[in-house]
Amino acid sequence: MTGREKINPYCKSFSLGKGIVGTALMVLFTCLSAQNLFAGVEDTVHFTCKKYSFIHAERNELIGARHLDAFFDKLYQQKTQKQSRINILQIGDSHIQADFLSAQIRTDIQNDFGNAGRGIVVPLRVAGTNEPFNYKITSNVVCTSKRCVFVNNPMPIGIGGVTILSYSDSIYFRIKAYDSPNNNYTFNKVTLFYQKDSAFDFTIEDTTGSLLGSLNSRSTDEFPYTSSTLLTHATNDIILRAHKSDSTQNNAMVYALNLEGPNSGVIYHAIGVNGAEAYQYVNGKYFAEQTAGIHPDLFIISLGTNEAQHRPFDKELTTSRIDSLIKQLRAANPNTPIILTTPPDSYYHKKYYNLSVGTVHTIMVDYAKQNNLAVWDLYSIAGGLKSCYQWKKYGLMRSDGIHFTRGGYELQGNLLYEAIVKAYNKYVSSH
C-alpha cells in the first residue's frame with residue numbers, strides 16, 4: 001500500500017471463499033454493500049430548527065410537494081455531483097424587502113447545496129427606501145424612482161419591483177456585497193437589468209478605478225433587457241459608471257443587478273417591496289417577463305399580508321389578483337414550479353385580530369390545490385388565528401402587530417427551509 005491509498009472503514013474481508021480470488025471477491029462484495037448502505041446518507045439533508053410550544057411543528061411540511069419534483073431533482077444533482085447552478089426567486093412584500101427571512105433561507109440552503117452567488121440586488125437605498133443589511137448600493141446623483149406600489153406612476157417596473165432613473169451621463173453606482181458568517185459573496189459575473197433603449201453604456205471598475213468589465217447597451221444578449229460581463233477577477237465591491245458614447249444615449253433606467261460567483265450551487269434571489277400586493281407586481285410592465293432573465297428553477301411567492309388589510313375584504317378580487325400573477329410568471333417561465341406561502345397571523349390597527357388573514361390563507365391553499373402548486377401554510381404552522389399574540393409575547397413580532405423582529409423572521413426562514421428539506425428527503429428516498 002502506498003502512502004496515498006486510503007482504507008474504506010466500512011470494507012472488511014471475510015474468508016468465505018478459498019484462496020486469493022475468493023478473498024478478493026468477498027472484499028469487493030462487502031465494499032459494494034457498504035457503499036449501497038451509506039449511499040443515501042450524503043444525498044439527504046439533516047436540518048432542524050428551534051420550536052416554540054405555540055408552533056405546530058407537525059404541520060411544517062409542503063402541501064403538494066410532488067409538484068416540485070423537477071426542482072428537487074436539480075437539488076439532488078447538485079448535492080451528488082456539485083456541477084449545477086440553481087436559481088430560486090422569492091417574491092414578497094415588506095416581510096421580504098428587509099431580507100431577514102430570505103437571508104436565513106439563503107444561508108441554510110447554500111450551506112447544504114453550495115453558494116453560487118448573492119443574486120439579485122436592487123438600488124433600494126438610491127430609491128429612498130430601506131435596503132437589506134447584506135449589500136449596499138449608493139449613487140453620486142439624486143435619481144427619480146418608482147416602487148411598484150405606485151401603480152399610477154407611468155415609469156415601468158422590472159424584476160426588482162423598484163426602478164430608478166437618471167439622465168446624468170456622469171452617474172455612477174457603488175455596489176458592495178457583504179459576506180454572511182458562512183458564505184463568501186464575492187462575484188465574478190455581473191448582469192445589469194435595465195432599459196437599453198437610448199441607454200448609456202457602463203464600465204465596471206474596482207474602487208481604485210481599475211477596469212474590471214464593461215456593459216454595452218447595444219449588445220445582443222440572451223434577453224433584450226440585460227447586459228452581462230465576466231470580471232477580470234472576483235470582488236465584492238464595484239463601481240458601475242455610465243459612459244455616453246453618442247448623442248442618442250441619454251438615460252440610465254436601472255431595474256436590478258445580478259451578482260454571481262464562480263462556484264456551483266444555489267443562488268437565492270429575494271424581491272420584496274414594502275406594502276406590495278399581487279396586483280402591483282402584475283401591473284409592473286416588465287416584472288414577470290424579466291424573471292426569465294435569471295432562469296428560475298423555483299418561485300416562492302410570499303404575499304397576502306397587505307391584501308388582508310383591505311376593508312371590506314374582497315375574496316373574489318384577491319383570488320383573481322393572485323391568479324393573474326401566477327399566470328404571468330408561468331407565461332414567462334412555463335416549466336418553473338411554484339410554492340405559495342400563506343401569510344402569518346397579524347393584527348389590524350395594532351390591537352384587533354385580523355380575521356381576513358385566515359381568509360387569505362384559505363384562498364391560497366385552495367388555489368394551490370386547484371392549480372398544481374405547492375403551498376407552505378405558515379398561517380397554520382405558526383399557530384393560526386390569534387397566534388400573533390404569542391409571537392409578540394416571545395419577542396418575535398414588532399409592536400406594529402404586522403412585522404416581525406429579526407429573530408422572528410429568521411425563525412420563519414428556518415421553518416420554511418426545514419419544510420423544503422423534509423420534502424427533498426422524501427423525494428430522494430422514493431427515487
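**Reading the sheet, its helices and the cores**

Author: In this predicted model, strand E2 (residues 85–92) and strand E15 (residues 265–272) pair in the parallel sense over eight bridges.

Reader: How do strands of a sheet pair, and which residue is the bridge partner of glycine 92 in E15?

Author: As a general idea, strands of a sheet pair through backbone hydrogen bonds, and they do so either parallel or antiparallel. In this structure, glycine 92 has glycine 272 of E15 as its bridge partner.

Reader: What is the order of the strands in the open sheet of seven strands?

Author: The order reads E1-E20-E17-E16-E2-E15-E3, and the pairing in this open sheet is mixed. Strand E1 (62–63) and strand E3 (115–117) stand at the edges with a single partner strand each, so that one side of each has no neighbour in the sheet.

Reader: Which strands does helix H2 lie across, and which does helix H7 touch?

Author: Helix H2 (residues 69–81) lies across E1, E2, E15 and strand E16 (298–302), and its direction runs at about 135 degrees to E2. Helix H7 (residues 315–332) also packs on the sheet, where it touches E2, E16 and strand E17 (338–341), making about 165 degrees with the direction of E16.

Reader: Which residues of H2 are buried, and where do they lie around the axis?

Author: The buried residues of H2 are Phe71, Phe72, Leu75, Gln78 and Lys79. Because they cover an arc of only 120 degrees around the axis, they lie on the same side of H2. The length of the helix can be checked as well: at 1.5 Å a residue, the 13 residues of H2 should span 18 Å, and the end C-alpha atoms are indeed 18 Å apart. Just after H2, lysine 82 takes a positive phi of about 55 degrees.

Reader: Is strand E13 mostly covered or mostly open, and in which sense does E13 pair with strand E8 and strand E10?

Author: Strand E13 (residues 237–243) is mostly covered, with five of its seven residues buried. E13 pairs in the antiparallel sense with strand E8 (residues 172–177) over five bridges, and arginine 174 stands opposite isoleucine 239 of E13. Strand E10 (residues 201–205) likewise pairs with E13 in the antiparallel sense over five bridges, with isoleucine 204 opposite leucine 240.

Reader: Which residues have the most contacts inside the largest nonpolar core?

Author: That core has 79 residues, and those with the most contacts inside it are Phe173, Ile175, Phe202, Leu240, Tyr281, Leu325 and Leu340. A second, separate core of 48 residues includes Phe47, Phe71, Ala374 and Ile420.

Terms used
Residues numbered from 1 in each chain as written. Predicted model: local features only at pLDDT ≥ 70, side-chain atom pairs only at ≥ 80, totals over all residues. Heavy atoms only, no water. Core = buried A, V, L, I, M, F, W, Y, C linked by side-chain atoms within 4.5 Å. Buried < 20%, exposed > 50% of the residue type's maximum accessible area, 1.4 Å probe, protein only. Pairing = 2+ DSSP bridges. Helix = DSSP H or I, 4+ residues; strand = E, 2+ residues; numbered from the N terminus. Contact = heavy atoms within 4.5 Å. Axes fitted to C-alpha atoms, helices over the stretch in contact; angles between N-to-C directions. Expected span 1.5 Å × (residues − 1). Arc of directions from axis to C-beta.
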